[in-house]
Amino acid sequence: MAKWMSVAQVKEKIEESSAEEVTAHYLEVIKKSKINGYIKVSEKALEQAKKIDAEEHDGPLAGVPIAIKDNISVVGLPSSCGSKILEGYAPPFNAHVIEKLLAAGAVILGKTNMDEFAMGSSTETSYFGPTANPWDLERVPGGSSGGSAAVVAAGEAPFSLGSDTGGSVRCPAAFCGVVGLKPTYGAISRYGVVAYANSLEQVGPLANNVRDIAVLMDVIAGYDRRDSTSIDSKTEYQKALVEDVKGLKIGVPKEFFGEGTHPDVEKAVWNAIHKYEDLGATWEEVSMPHIKYALASYYIIAMSEASSNLARFDGTRYGLRENGENWHAMVSKTRAEGFGTEAKRRILLGTYALSAGYHDKYYLKALKVRTLVKQDFDKALSKVDLLMAPTMPNPAFKIGEKIEDPLTLYLSDVNTCPINLAGVPSISVPCGFTDGLPIGLQIIGKPFDEPAVLRAAYTFEQNTDYHTKRPLEVA
Amino acid sequence: MVYENPDGVRIGLEIHIQLNKLKTKMFCGCSTDYHNAAPNTHTCPVCLGLPGTLPVLNKKAVEAAIKVGLALEGEIAEETQFHRKNYFYPDLPKGFQITQYDFPIVSNGKVVIEGEDGEHAVGITRAHMEEDPGKLVHIGSIGKSKGVLIDYNRSGMPLIETVTEPDMRSPKEARRFLDKFRNILEYLDVFDGNLEGAMRVDANVSVHWGTRVEIKNISSHKGVERALLYEIMRQKNVIRRGGKVSQETRHYDEGRGVTLSMRTKEEAEDYRYFREPDLMPMQVTDWIPAIKETLPELPDAKRSRFIEQYGITDMHAKSLTSKIMLADFYEDVCAEGVDPKIAATWTADVFLGELNYRDLAISSYDGKKISFIHAKDPKIKNSFKVSDMVELVNLFAEGKISDRAAVEVIRTMLDTTEEKTPSHIIEEKGLFKAEDDLVTKAIAETIAENEAAVQDYLGGTEKSLNFLVGQVMKKTKGTADAKTTRELIIKELKG
Ligand SMILES: [Zn+2]
């Protein structure tokens, strides 16, 4: 069996042989993995595939294997969120997206590695050790959905689910040379996804090509009454896959090409924009003056929400419990032992930002900035159809290179987090290489205009071959 | 007459009520009917706060809150939203409580009570929606507890917290406020006050218009009155000794009847409120007209109507409308064509008085019978039928039984769970007026004719009583009921 297959190819293979054989193939590849992409491989995957075969399941993903980020609840598998504090916790319910996947016939391969509670851009803060970038095993895969991106890039799953709070799908997609979509806020139910920052995050698909992203979106998107922020947009994602960008108006926000941007990244993104021009699109520079405050606003909001979301991990009901002479001592010890450095840092900073005396100065101000950033997007996207920019200012860095310097690490989210503040959709597609490392082009659209985003991404893919390149390190 | 409030007492209340008449919890589909259930059987991933769960607002709870707001003559917010109140406690599964903060659903209401000097308005600052935490169950007594168990059945129960202005000037006014408030809520059919934990009260009190002290978590109306009486005395003593009342939170020890310091102002918690990102702000203005339509007649309006329609006194009207179930019972009795004034006397004075004397609280009314349970021992319960009251009132109105006999019938009916109609009891006990008069006459004669036996009995010779009873039986040719006769003689002789 070919190591890298699109969903269509996987389905062909299932036709020819069986879901069981296809799943066995992926389990075999995973067994030889050099990247530590999975926290837990499902022991029931084969059984599930057999059942699909026996039932002659006719769902859109019948027998197609998928990898799931470890913060998405799946019955029968642990859900650790890359943290020690959830040791032994297995959710008794499926996330909405998992229900949808199972109904469509998908086979869950396992749970992928991630930064602890999705707090990071390198997958190095995971309690289960870092995941390696398939393009260079000494480098990070990006994060926080590093495992989900790396396993797709390494052929250990045809596609996967991640979650994107400030770039957590797009960053690893760019670093690992795969496609990753952050849908519009509300497009996919968050029910069953362990919250890091509720007002910012969305589940997002990762795949080797744009079509597979659309295939996955058609299965998992839509209204769910259990998530009050979910919206029924009735979008038909695969229908958007039309190879045509004639007359498309592209905005290029200069604020996304900041000082620290790697020259090769800048060049690759401009090449892509010129490619669109060749295909009949036009581009213009747009200005988004408040983008420079987005990063600070993003971190304050995300940390504030996180400080509250992570309060439930107190050793009382599930997960890790350390002994203490009374309840408070038990909670303190459990949290001291269970959370890693980055989670603690964000809980403390978030607690601080919400505290009396600082609440207005930090949290409320961050909310005001958020409104201004949203307005920047509204304004820019009223003049053009899409915005294009580098996903990440730099290619993947070395494992250990930035982990001791959180501020520099936070800065790497500079181009991705404004999108979460605004709640708009954004995709990262491969658009070049520098020193053998992939570069991602970010395409940003209006709220619920995933069709325009997917159409542009698909057209680019049909006219370039970056997405067909494979990391030789793991070949 | 104007109440002078000599100690400058100001009392404000914060009242948590459970919307326990709703079918499901505040943010999940779990049933609210957990009061007799095994621990942790009315829970789901949402109310257990498992990672990844999200709250879904129960619209019925919002409707109930609007109903309460309208009944309290408050303003309903055009836009309302939820916040998170962050603190750690084992009964709080998410580490925060979903509540309302600066956009409560209700503000600026009022409740008129019978104050120290007539009608007195107590301002309602605000009322907001929130979820209840779980419940801690100590193994053994709190002091020497070997451990704590947590029951999350209560977790996520819909609550309304109502905050009053410090408008009450005495513990009695606070108690009256609570009685009236509870009565209004029961009229709205959103709340059953008899269920455990249905209403919890925090009170703040100051004397001489000074520093206010908060007393937390008092579970009964009587408890509130007692706690406030104690706390006012304590504060007055502090001042008399030249001290200063410090701003603090105190706990009421119901058993000892005292308040004890819990924490001072410096130790006040910072709850780091912020908007609950998983719930969208709501606009409810459009809901109001339809909800207004469903508002029932409230206690004050019903009281006025009773005076008008049934020609009864204000005292009777007030008493009958103090409980929606009693008011409905009375109206159904009247609907059977009985004399409403007589029915009012027998329902409001005798029936209600006998219930109170027995510590029985009205718990339900199904249109046929009114049920009640013992305030402390829920195993003791009974009911009283509309048809029985109608029969009793008619028998009395027709002159067939005396006052005394009617009271006797009501007492008997409350003390037995056997199915017996009033005539049945009257027959059994020989309480019909003719026989009744005969017995009364026979007793009087017997006492007059048997001076020696009477003196012996009063001197302690029990046997003489048997002799007297025998004499009465002889005089009435055996028609008198021996037990009743015995009681009547004792009453006659010993008062
Ligand atoms: Zn529940």
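Buried cysteines, a zinc site and two helices

Me: Why is B:Cys28 called buried?

Reply: Its relative accessibility is 12%. Buried means under 20% relative accessible area, with a 1.4 Å probe and protein chains only, so B:Cys28 counts as buried. This is a predicted model, where local features need pLDDT of at least 70, side-chain atom pairs need 80 or more, and totals for chains, interfaces and linings use all residues. Residues are numbered from 1 along each chain as written, chains are lettered from A and ligands numbered from 1 in written order, and side-chain values use heavy atoms, without hydrogens or water.

Me: What makes B:Cys44 count as buried or exposed?

Reply: B:Cys44 has 18% relative accessibility, so B:Cys44 counts as buried.

Me: Which residues coordinate the zinc ion?

Reply: The SG atoms of B:Cys28, B:Cys30, B:Cys44 and B:Cys47 do, at 2.3 to 2.4 Å. Donors are N, O and S atoms within 2.8 Å of the metal (3.2 Å for Na, K and Ca), and water is not among the atoms, so sites may look incomplete. Along the chain, the spacing of the zinc donors is C-x1-C-x13-C-x2-C.

Me: Why is the arrangement around the zinc ion called tetrahedral?

Reply: Four donors count as tetrahedral if all angles lie between 85 and 135 degrees. The 4 donor atoms here subtend 101 to 115°, so the arrangement is tetrahedral.

Me: What makes H5(B) and H7(B) roughly parallel?

Reply: Helix H5 (residues 299–310) and helix H7 (residues 324–334) of chain B, both DSSP runs of H or I of at least four residues, numbered from the N terminus, pack at about 20°, with axes 12 Å apart. Axes are lines fitted to C-alpha atoms over the stretch in contact, and angles run from 0 to 180 degrees between N-to-C directions. Angles under 35 degrees count as roughly parallel, and H5(B) and H7(B) are therefore roughly parallel to each other.

Notes: Four donors count as tetrahedral if all angles lie between 85 and 135 degrees; four count as square planar and six as octahedral if opposite donors are over 155 degrees apart and all others between 65 and 115; anything else is irregular. Buried means under 20% relative accessible area, exposed over 50%, partly exposed in between (1.4 Å probe, protein chains only). Helices (H or I, at least four residues) and strands (E, at least two) are DSSP runs, numbered from the N terminus. Angles under 35 degrees count as roughly parallel, over 145 as roughly antiparallel, 65 to 115 as roughly perpendicular and the rest as oblique.
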